[in-house]
Amino acid sequence: MKAFMKSNQIPGAVMAFSINGTTVWTEGFGYIDIENNVSTHKDSVFRIGSMSKSVTSALVGQLMDRNLIDLNAEIHKYLSTDLYPFKTFNGSAVNITVRQVMSHTAGLYRGVSVEDFDKLLLRRADNVSHTIPPFNDEPLIYKPGTNWSYSNYGYQMVGALIESILRNTYENEMQKMFTQLHMNSTFSERREAIYKHRPQYYHLSDITSGTLVKCDMIDELISYEGYWPAGGLISSAEDILRFGNAMISSYKGTNGFLSGRTVQELWSPETRGMSIPPPLNTSEYAKGWMIMKDPGLFKQVIWHAGDITGVSTTFHLYPAENMVAVAYVNLGGLFVQLEEFTIKVAN
């Protein structure tokens with residue numbers, strides 16, 4: 001790990017593994033705050049980036065077990081047209097299903113970026129649903145169900161579906177799930193809140209090389225309340241191990257968090273025959289989870305990564321081996337290297 005950090009100019013990192021539900025290794029490396037010489041704690045609470053999609057997917061799984069959502073239903077069964085209108089593609093009306101939104105096959109706008117600053121980033125959202133209308137005039141990229149394109153906006157829509165069905169905020173409903181799983185260091189991040197061991201975030205001055213610098217203020221503003229379902233959660237490595245073990249146990253029918261049938265559905269790929277561009281082409285995409293095509297020494301590798309400004313993360317489940325792996329670094333742009341490194345350690 002120290003050699004990996006040195007070769008990639010990583011300030012701070014956490015890595016953790018559990019086997020058979022027991023944590024066998026969790027350790028912090030380097031610094032979460034270089035300016036103040038603060039060492040990384042093993043319980044440091046990192047932004048987990050797009051790993052948030054897997055956590056959001058599990059909450060949808062609870063709705064599936066309660067028969068409150070149907071993945072094959074058109075989204076407007078649950079979502080008001082005031083929030084998101086019916087769409088057309090090439091002049092013809094099309095339906096968008098929950099399944100398509102969760103698997104990035106709905107043809108939706110990719111998601112919030114710096115270019116969207118004037119539309120959304122200056123506005124404080126009271127809930128996830130409020131972040132949908134500013135982009136609801138964006139045209140579909142392709143006919144739903146015919147192709148794949150990663151859409152953070154799609155997972156904001158998943159959050160809006162949750163809010164519509166449960167008549168509560170995404171933040172409140174996620175907190176219930178975190179409490180159920182004893183994930184006491186996992187939160188829908190609020191910039192003004194105080195979280196113990198929260199890192200500072202860094203990037204390289206010209207993205208792939210150069211000197212280490214702190215993230216810009218404009219980058220900090222991208223992490224806002226409406227982004228929670230797609231990439232705005234924060235968590236400790238130990239909490240993500242708990243979450244991963246709950247998923248594996250549910251898959252095997254040994255706990256009551258989710259039914260085995262539901263986990264199998266969430267982990268069932270939706271992209272076979274579709275073109276997924278590098279670097280994600282090594283996997284198929286399910287519903288908030290990536291399924292590795294060639295798991296090597298392992299029977300299955302179920303995973304997701306996160307890569308937002310100032311942080312790279314990865315999260316691997318090895319169900320046959322009852323093993324879970326988590327890795328965080330407070331440097332952006334490294335999820336591919338981090339994912340490959342985590343596989344190497346797992347092997």
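Here is a walk through this structure, strand by strand and then out to a few unusual spots. Keep in mind that you're looking at a predicted model.

Let's start with the eight-stranded sheet. It is open, its strands pair in the antiparallel sense, and reading across it you get β3-β2-β1-β15-β14-β13-β12-β11. At the edges stand β3 (38-39) and β11, and each of them has a single partner strand, so one side of each has no neighbour in the sheet. If you want a reminder of what holds such an arrangement together, strands of a sheet pair through backbone hydrogen bonds, and the pairing can be parallel or antiparallel.

Take the β11 edge for a moment. Its link to β12 (residues 290-292) is antiparallel and runs over three bridges. To find your place there, look for Ser283, which sits opposite Met292 in β12. Helix α11 (residues 335-346) packs on this sheet, touching β1 (12-19), β2, β12, β13 (302-308), β14 (311-318) and β15 (323-329). The direction of α11 makes about 35° with that of β14.

Now move over to β1. How many of its eight residues are buried? Seven are, so β1 is mostly covered. On one hand β1 pairs with β2 in the antiparallel sense over eight bridges, and Ala16 faces Thr26 of β2. β1 also pairs with β15, again antiparallel, over seven bridges, with Ile19 opposite Met323 in β15. β1 and β2 make a hairpin with two residues between them. In that turn you'll find Asn20, whose phi is positive at about 55°.

Follow the chain into β2 (residues 22-33) and you come to Tyr31. Together with Ile34 and Leu212, Tyr31 forms a nonpolar patch on the surface, and the three share about 230 Å² of accessible area. Why can Tyr31 count toward a surface patch? Patch residues need over 30% relative accessible area, and Tyr31 is partly exposed at 35%, so that requirement is met.

There's another open sheet to look at, this one made of three strands. The order is β4-β10-β7, and the pairing is antiparallel. Its edge strands, β4 (46-47) and β7, each pair on one side only. Between β4 and β10 (residues 233-235) there are two bridges in the antiparallel sense, and Arg47 has Ile234 in β10 as its bridge partner.

Finally, some backbone oddities in the loops. As background, most residues other than glycine have a negative phi, and most peptide bonds are trans. His182 goes the other way, with a positive phi near 60°. You'll find His182 in the loop between α6 (170-180) and β7 (187-188). Is His182 buried or exposed? Its relative accessible area is 52%, and the cut-off for exposed is over 50%, so His182 counts as exposed.

His197 also has a positive phi, about 65°, despite not being a glycine. His197 belongs to the loop between β7 and β8 (202-204). At 25% relative accessibility, His197 is partly exposed.

The last stop is a peptide bond. Pro278 and Pro279 are joined by a cis bond, with omega at about 5°. Pro279 lies in the loop between α10 (260-266) and β11 (283-285), and β11 is one of the edge strands of the eight-stranded sheet.

Notes: Residues numbered from 1 in each chain as written. Predicted model: local features only at pLDDT ≥ 70, side-chain atom pairs only at ≥ 80, totals over all residues. Heavy atoms only, no water. Patch = residues over 30% accessible without salt bridge, like charges linked within 9 Å, V, L, I, M, F, W, Y side chains within 5 Å. Areas by Shrake-Rupley, 256 points an atom, 1.4 Å probe, with all protein chains shown as cover. Salt bridge = Lys/Arg side-chain N within 4 Å of Asp/Glu carboxyl O. Helix = DSSP H or I, 4+ residues; strand = E, 2+ residues; numbered from the N terminus. Buried < 20%, exposed > 50% of the residue type's maximum accessible area, 1.4 Å probe, protein only. Pairing = 2+ DSSP bridges. Contact = heavy atoms within 4.5 Å. Axes fitted to C-alpha atoms, helices over the stretch in contact; angles between N-to-C directions.
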